[in-house]
Amino acid sequence: MSTDPTKKPSGDHTTWNDAGPPPPQTPTSRSVQNKPSALTMRSRGGVCVIAFLCSLLFVTPRNRPVPFREPCSDAVDHVNPLIGNGGDSPNGSGGMIPSTAPPFAMTRWVAQTRANYVSVTPYNYTDTTIHGFQGTHQPAIWMGESGQVVVSPGAGEVRPGFEDRGMAFSHERELVSASYYSVELEATEGGQIVAEQSATSRVGHLRFTFADTNVPYVLVEATRPSVIGSWNVHNLTYPEGSIVIDPDRLEICGNNPERQDYIIAPVSTAATNWSGYFCARFDQPFTSWGITQNGSVTENEKSGVGAALSAYATFKPTLTQVDVRVAVSFISIEQARQNLDKEIPDGQSLEETAKMTRAAWAEKLGRIELVGATKEQKDVFYTAFFHSLQYPYEQDEYGRYYSGYDDAIHEGVSYTGYSIWDTYRAEWAWLILFAPERIPGMVQSMIQDYKEGGWLPMWKNVIETNIMVATHADSLVAEAVLKGFTGFDLDAAWDAVHKDATVPPINDNTTLYGDREEFVDYEVRAGLSSLYAQKGWVADDIHSESASRTLDYSYDDFAVSVLAGLLNKTNEQVFFRERAMKNPFTIFNSATGFMEARNANGSWAGPDNGWTEGDKWAYTFDVVHDVPGLIEHKGGNQSFIAFLDAHFNGGHNDHTNEPSHHIPYLYALAGAASKSQTRVRQIATSDYNATISGLSGNEDCGQMSAWYLFSALGFYPVNPVSMEYVVGRVSIDLPASGRLEVVSPGAPTKPFVHALSINGRQTRDPIVRHEEIARGGVLVFEMQETSQAWASGSLVQQ
């Protein structure tokens, strides 16, 4: 829901332990507490441009008890994994699921209310039946599932079919948290089954309690009919897996080769032998068992191969509880067993597993402490934090990983679920701040993808999928090096980004490379050789999304130039910097004042052609690496501010998709910081809240939440490889180098910055340099109720 931004929130005191941003404030009818605002954060580099944001967040009632509360963590208690699950359509949904797993887990476990595929997630809040508990590898709503395993309890007649095994439930008897999930199910033949769930990275831990039911059983599904694509649910394939029952070891193990995105993978990279492997181990002896295939049940059979394949074990009629741990591997069944023994060994209780997972979340989320915030404010903030630390996810298994690029097992660290077109904007910068220990491995993983497959990833889901445009891994690598990270192959990193910027894809002059185009090879920078390298733009009559490609390639060139400069490659730095600064404006139509796609002969292709999930309004602002140049092309600060006003006042800002995310911060870079403060606060209250529909657009592996979190902190990385942030109110604690305290007395009722002092020194400029804060200190914002002249000189001149 949207709330009235004119109402004043209560509380403005925030502290970050170890690392973190300030909270958004929720409009509420409670009394206002005017006390100083403070906050703490781990920071790694950057110049900060002040824009200022005060009061974000909304109130929505939610009071779900969390039964497993050890270790104590107020932050984890306020995670509501249901936020972002609702919405009016796949594009109007956050696409999030109430899964349990630690940060960056290989497998996330979730109650299965529907069969998932591209545009459909395994759990939807509107459903009324649960069909099992799924170890999912679907990283986003618009990506496909890969190698999942489903565990379904039952009682009486064995029901393998998806619809047949569904059991009714109500949300009143469902408990949801980051580390533990439980629900009471109405057994089909009478009685109740209480299902409980937690997980480590590679092992799901389930416990089923049977009350007044017929003979209890547990079904393990290996394969199912798989929907390919998103437009036709009857477009099915039938992956063929295997399953084996071992009553002596109390195990059901097997494999599932389902990979719904195979159809859009580069044709030269088939991941031929990829599969998801699993091994489920029970704590109770089996009384009988069997195999099901295509709906038919064969008792006493111990193994099976093929499609629509499951296995089951029954237990003694008097059994009331069974515990099952389900390990997953991308290498082998034996590796799945090893994962199980390492992560949840025999004898470990569900309570102990949940405690471990909760502790992992507490360690991360506890880095930010919100003082004085309402429950609803904390729900939104900590859930966003929770969402931001899920992807990319672990693909290696204790020093080894399967690579689909060369269909082989390698040693090293590996990640997948890289939604880079989305996450290069702010999510990557957020991970740099709050998961710095992961960055070297994530960069090295991308470099290994280059070594094994020939290219850095664009949208990796097990392997490359060619989704979205441009080679923004260039930005991720450059930002990591710029901010001081090491521990990866820097020579190979340069070779990879240089290849992105100089080597075109196969058949560059003849292949459209449309969205989700099938049966093509690596898309990378489509149009690089057909025109971009020669004339500066991607031709709309040759390639799809040409105008967006032109602007995105220009930004990536800037990232390559930054990396070249850091590596003392002067000639390359100059070459790519010149191309980055010139090419965006080859598609600026001075007659209309908008960016516009161009054809190969230089003619304009029309204002509505050539865009990727945006339009001429969003993309005319998309020169983040040269905002001064863009302002100049728009006629200077005054004209640029008027253009921003027309964008927002005309209803053109679409925060549900990423191309608009940086736009409200551009006011500050044109000398109108107070307008940035207003616009950011409006978006934060209209597009985020603590309800099921609390995300206005797809989460996209953390980017939607990263925008909110940075904005709550008060700054945002408009140009990720510039070491600059457009900033607002923050309080930061730097555990490695001292405490940085940011104080803003009266901020909830005084949303505008009047003055800023840094360690006692007054500054008129909206710039805070990293070296001024890296050693700790005090930033004091003086706040006022009305728009101020500070950092808003262009408005004063009007």
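A nonpolar core is a set of buried Ala, Val, Leu, Ile, Met, Phe, Trp, Tyr and Cys residues joined through side-chain atoms within 4.5 Å. In this predicted model, the largest such core holds 192 residues, and the members that touch the most others are F133, F208, F282, F385, W428, W430 and M446. Helix α11 supplies the largest share of this core, with 10 residues. A second core, separate from that one, has nine residues, among them A673, I758, F781 and A791. In soluble globular proteins, nonpolar side chains tend to be buried together.

**The chain as a whole**

The chain comprises 20 helices and 42 strands. Of its 798 residues, 67% are buried. The exposed area amounts to about 25,200 Å², of which carbon and sulfur atoms supply 49%. Among contacts between residues at least 6 apart in sequence, 71% join residues that are at least 24 apart.

**Helix α8**

Helix α8 spans residues 473-482 and is largely enclosed by the rest of the structure, because 10 of its 10 residues are buried. The buried residues include charged as well as nonpolar types, for example D474 and E479 alongside L476 and V477. The packing partners of these buried residues are α5 (420-423), α6 (427-434), α7 (439-453), α9 (490-502) and α11. After α8 comes G484, which has a positive phi near 90 degrees.

**Two residues in helices α11 and α12**

S546 lies in α11, which covers residues 546-566, and R577 is placed in α12, which covers residues 570-582. Their accessibilities and contacts beyond four places in sequence are set out below.

| Residue | Relative accessibility | Contacts |
|---|---|---|
| S546 | 0% | V538, A539, D540, A597, G610 |
| R577 | 28% | F558, S561, V562 |

Is S546 buried or exposed? With a relative accessibility of 0%, S546 is under the 20% limit and therefore counts as buried. The side chain of S546 also makes a polar contact of 2.8 Å with the side chain of D540.

R577, by contrast, counts as partly exposed because its relative accessibility of 28% falls between the 20% and 50% limits. Which residues does R577 touch, leaving out those up to four places away in sequence? They are F558, S561 and V562. The C-alpha atom of R577 is separated by 9.6 Å from that of A564, and these two residues are 13 apart along the chain.

Methods: Residues are numbered from 1 along each chain as its sequence is written. This is a predicted model: local features need pLDDT of at least 70, side-chain atom pairs count only at pLDDT 80 or more; totals for chains, interfaces and linings use all residues. Side-chain values use heavy atoms; hydrogens and water are left out. Helices (H or I, at least four residues) and strands (E, at least two) are DSSP runs, numbered from the N terminus. Buried means under 20% relative accessible area, exposed over 50%, partly exposed in between (1.4 Å probe, protein chains only). A polar contact is a pair of N or O atoms within 3.5 Å; within protein, one must be able to donate a hydrogen and the other to accept it, and residues adjacent in sequence count only if both atoms are side-chain atoms. Contact means heavy atoms within 4.5 Å. Accessible areas come from the Shrake-Rupley method with a 1.4 Å probe; for residues, only the protein chains shown count as cover.
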